[in-house]
Amino acid sequence: MTLETDVLVIGGGATGGGIAWDLALRGVRVILAEMGDLATGTSGRYHGLLHSGGRYAVRDPESARECIEENLIVRRVAPEAIEDTSGFFVLCPGDDPGYVDTWLKACAAVNIPTREVPLSEALRRERVLNPRLEAVYEVPDGTCDSWDLLHALQRGAESTGKARFLTYHKVEQFHKNADGTHITGARLRNLRDDSQIDVSCAFVINAAGPWAAEIGALAGVRFGMKLSRGAMLAYNIRWVNTVINKLRMPGDGDIFVPVGTVSVIGTTSVRTD
């Protein structure tokens, strides 16, 4: 079986789905290939936080600026996938109070709005907070249901008549022109029935997340990736209704995120191969 398209997108996470939707809106024919189901990679295995960027403002202002800009975009284009929980950054007893001014200046520099919240108000909104907190600031954090987001992107893309999503289809090899300078397509394997599909295309977009280097290698492209893995704990009740961040340099176990009917605390980050 052979399919013809303009662009082949590899990866059915938030990046791949968003690209496919964007291309389809522009009238570009696109096929998205995902070796699992939508959002079964990183997009379905994160803590659900729609970052304001406050967590990265001091250490990584470039990422922080991207966070607040993309936060506003996602809220506008996919409100059905977002819960506007808001977020607190809390200074716990024993943490460095000198970090607060550094953090506030860093947030202001990348246009992340902050508001100091009286402790009485914070405790009224979130009764499980430590009553000995030394400071509380509010930022526009939220939570995102990645499955709602990906299925909305799929519906939006396919409704244009320009897009097709092929889940459980793994890229096995790329086709190139006679002199090997351009990719002209790819061979996909249907992991459900072991059949094969050849896709002819003008461009391929690699949106495979942690598998991106492997996909690149199939095309003869080598690039380095630094991979990390993390662990989170999910509680089967919703302890809070607001994202809670510790007001300190990011570390392990310093965010608490209400997602749907559960709460997720995390995260850790460990370099891995």
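Reader: What joins β4 to strand β9 (residues 142-144), and why is that called a pair?

Author: Two bridges join them, and the strands run antiparallel. Strands pair if DSSP finds at least two bridges between them, so the two bridges of β4 and β9 meet the rule. In one of these links, Leu49 has Thr143 in β9 as its bridge partner. Please keep in mind that this is a predicted model, where local features need pLDDT of at least 70, side-chain atom pairs count only at pLDDT 80 or more, and totals for chains, interfaces and linings use all residues. Residues are numbered from 1 along each chain as its sequence is written, and side-chain values use heavy atoms, with hydrogens and water left out.

Reader: What makes β4 and β5 edge strands?

Author: Each of them, β4 (49-50) and β5 (82-83), pairs on one side only. They belong to an open, antiparallel sheet of three strands in the order β4-β9-β5. Strands here are DSSP runs of E, at least two residues long, and helices are runs of H or I, at least four long, both numbered from the N terminus.

Reader: Which strands stand at the edges of the sheet β1-β13-β12-β11, and why is one side of each left without a neighbour?

Author: β1 (2-4) and β11 (169-176) are the edges; each has a single partner strand, so one side of each has no neighbour in the sheet. This sheet is open too, with four strands and mixed pairing. Its twist averages 25° from one strand to the next, where axes are lines fitted to C-alpha atoms (for helices over the stretch in contact) and angles run from 0 to 180 degrees between N-to-C directions.

Reader: How do you know that β11 and strand β12 (residues 183-190) run side by side as partners?

Author: Seven antiparallel bridges join them, so the requirement for a pair is met. Lys176 is matched with Ile183 of β12, and His169 with Asn190 of β12. The two strands form a hairpin with six residues between them, and Gly180 in its turn has a positive phi of about 75°. β12 is also joined to strand β13 (residues 196-200) by five bridges, again antiparallel, and there Arg189 has Gln196 as its partner in β13. The hairpin of β12 and β13 has five residues between the strands, with Asp194 at a positive phi near 65°.

Reader: What makes strand β8 (residues 135-139) mostly covered?

Author: Five of its five residues are buried, the term for under 20% relative accessible area (over 50% is exposed, and in between is partly exposed, with a 1.4 Å probe and protein chains only). Ala135, Tyr137 and Val139 point one way, Val136 and Glu138 the other, and all are buried. In a regular strand the side chains alternate between the two faces of the sheet. As for partners, strand β6 (residues 87-91) is joined to β8 by five antiparallel bridges, with Leu91 opposite Ala135. Strand β7 (residues 115-116) pairs with β8 over two bridges, also antiparallel, and Glu116 has Tyr137 as its partner.

Reader: Why is Glu34 called buried?

Author: Its relative accessible area is 11%, under the limit for buried, so the name fits. Glu34 is found in strand β3.

Reader: What makes a set of residues a nonpolar core, and which members touch the most others in the largest one?

Author: A nonpolar core is a set of buried Ala, Val, Leu, Ile, Met, Phe, Trp, Tyr and Cys residues joined through side-chain atoms within 4.5 Å. The largest has 22 residues, of which Val9, Val30, Leu32, Leu149, Leu150, Ala163 and Phe165 touch the most other members. At least two residues each come from β2 (7-10), α1 (14-25), β3 (30-34), α5 (146-158) and β10 (163-167). α5 gives the largest share, four residues.

Reader: How many cavities of 30 Å³ or more does the count give?

Author: The count comes to one. On a 1 Å grid over the protein atoms alone, a cavity is a set of points where a 1.4 Å probe fits but cannot get out, and lining residues have an atom within 4 Å of a point. The largest cavity has a volume of about 60 Å³, a volume being the space filled by probe spheres set on the points, which are joined across faces, edges and corners. Its lining includes Gly54, Phe89, Trp103 and Asp254.

How values were computed. On a 1 Å grid over the protein atoms alone, a cavity is a set of points where a 1.4 Å probe fits but cannot get out, and a pocket is an open set with protein on both sides within 12 Å along at least five of seven lines; lining residues have an atom within 4 Å of a point.
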